[in-house]
Amino acid sequence: MHMSSLLPTLPGHYYTDPSLFAVEQDRIFAAMWFCVVRSSDIATPGAFRTVPVGGESVLVTRNSAGAARAFLNVCRHRGAQLCASPEGSVKRTFRCAYHAWAYDLDGRLVAAPNLVKMPDVDRVEYGLRNVHVREWLGYVWVCLADVPPSFEDEVQGACVERLGDLASVERYGIADLAVGRRIRYDVKANWKLIIENFMECYHCATIHPELTHVLPEFAGGYAAQSYVGHGAEFGPDVQGFTVDGSAGVQTIAGIDESQDRRYFAVTIKPQVFINLVPDHVIIHRMFPLAVDRTIVECDWLYLPSVVESGVDLSRSVELFDLVNRQDFEACESCQPGMASRSYARGGVLVPSEHHISEFHEWARSKIA
Ligand code: FES
Ligand code: FE
């Protein structure tokens, strides 16, 4: 059988149709594990964040026992938004601004004006709607499904599939690293364009001169597959994963020889990218807000001693910040084209991008 070297992409409307995006919100983002905040963002009981997940606002907090908890951010009385601010902290309760119903850090309804006169109001029944929570790699992951998929299979399994075993990611001690820098990007592109871009390196030679200097094999365009398992090696004249190839900071002690002077990348569907280098870890979390708009929050994580020392991280951060801006600009340049007649039946994937069609099949299977 003749196998074409060109494979079809998804048709353009997959990136522009709001009703299709609504289905994705429901069957992908509300159905799967979704990485919402760094554990240190809700460091103490009552610290909270509100985050957009699967078309819902989710309230993420920590209870008095120190466990992460998450709820739909909707008052059970008449449906007011419970927490209006994206972040903050409360002492013991979340109090609705409308009629003052109050919920504790485990989501139980604990107070309501005149509630004593209303013994029929069940405080558990009218508690906040719970959302499943896991903490892993120093991040809080939530799942809005009634019965969540296996975290081990879907989230940790993605790391195993990419790196060979879970130990390879755990050696970086990501949960114990500190946030050296966080940058939030507001990308005017469909979330799938961002995933597809992250999955291939055919574009690296064209738009990432700084990255291909540090990782010369990326210039070949086949890197996305070739570095599976062994990582992409730093160039011979490169000292560290920095914008100019100058030395990085202190190496993470736990990594082994095979991880030194190498870059590894993992995509955890549907919204997390992990980048591993010897002295830091870069984690992207995507928040799809609309069919043509995605917020990407990116953390640069280092040893706590490095962050505390106040050492200059700018050359370290600048490399992937540049890469991000180059990538997102490319994604944004594709978004209008998705609505063009020219792309009504989609485009094509060259051989070094063929693995993207697995992602397309996955997306189709979720939507169908
Ligand atoms: Fe929240 Fe009434 S809607 S207390
Ligand atoms: Fe890129």
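**View 1. Gln 239 in a loop of the predicted model****.** Gln 239 counts as partly exposed, with 14 C-beta neighbours inside 10 Å. That number falls between the limits, because buried needs 20 or more and exposed needs 12 or fewer. The residue belongs to the loop between strand E13 (232–233) and E14. Setting aside neighbours within four places in sequence, Gln 239 is in contact with Gly 245, Ser 246 and Ala 247. Val 214 is 25 residues away in sequence, and 8.7 Å separate the two residues in space, C-alpha to C-alpha.

**View 2. Arg 261, also in the loop between E13 and E14****.** Arg 261 is not a glycine, yet its phi is positive, near 55°. Its surroundings hold 19 other C-beta atoms within 10 Å, so Arg 261 is partly exposed.

**View 3. A cis peptide bond before Pro 270****.** The bond joins Lys 269 and Pro 270. Omega is about 5°. Pro 270 sits in the loop between E14 and strand E15 (272–277).

**View 4. Leu 137 and its positive phi****.** Phi is about 60° at Leu 137, although the residue is not a glycine. The loop here runs between strand E10 (130–136) and strand E11 (139–143). Leu 137 counts as buried because it has 25 C-beta neighbours inside 10 Å.

**View 5. Gly 310 in the loop between helix H8 (304–309) and H9****.** Gly 310 has 7 other C-beta atoms within 10 Å, so the residue is exposed. Gly 310 and Ala 265 lie 45 residues apart in sequence. In space, 27 Å separate their C-alpha atoms.

**View 6. Helix H4 (residues 191–199) and its cover****.** H4 is mostly covered, with 7 of its 9 residues buried. The buried residues are Trp 191, Lys 192, Leu 193, Ile 194, Ile 195, Glu 196 and Asn 197. Strands contribute to the cover, including E12 (178–187), E14 (262–268), E16 and E17 (293–302). Helices do too, including H9 (314–338) and H10 (356–367).

**View 7. The crossing of H4 and H10****.** The two axes come within 10 Å and cross at roughly 150°. H4 is therefore roughly antiparallel to H10. The crossing is right-handed. On the H4 side, the residues in the contact are Lys 192, Ile 195, Glu 196 and Met 199. They meet Ile 356, Phe 359 and Ala 363 in H10. By class, this contact has 5 nonpolar, no polar and 2 charged residues.

**View 8. Where domain 1 meets domain 2****.** The domain assignment gives domain 1 as 1–32 + 150–368 and domain 2 as 33–148. Their centres, taken over C-alpha atoms, are 31 Å apart. At the junction, 19 residues of domain 1 are in contact with 19 residues of domain 2. On the domain 1 side, helix H1 (18–29), helix H2 (151–163) and strand E16 (280–290) each supply at least two residues. By class, the side of domain 1 that touches domain 2 has 13 nonpolar, 2 polar and 4 charged residues.

Definitions and conventions:
Residues numbered from 1 in each chain as written. Chains lettered and ligands numbered in written order. Predicted model: local features only at pLDDT ≥ 70, side-chain atom pairs only at ≥ 80, totals over all residues. Domains from an automatic or database assignment. Contact = placed C-beta atoms within 7 Å. Helix = DSSP H or I, 4+ residues; strand = E, 2+ residues; numbered from the N terminus. Nonpolar A, V, L, I, M, F, W, Y, C, P; charged D, E, K, R; others polar. Axes fitted to C-alpha atoms, helices over the stretch in contact; angles between N-to-C directions. Parallel < 35°, antiparallel > 145°, perpendicular 65-115°, else oblique. Left-handed = near helix turned anticlockwise from the far one by under 90°.
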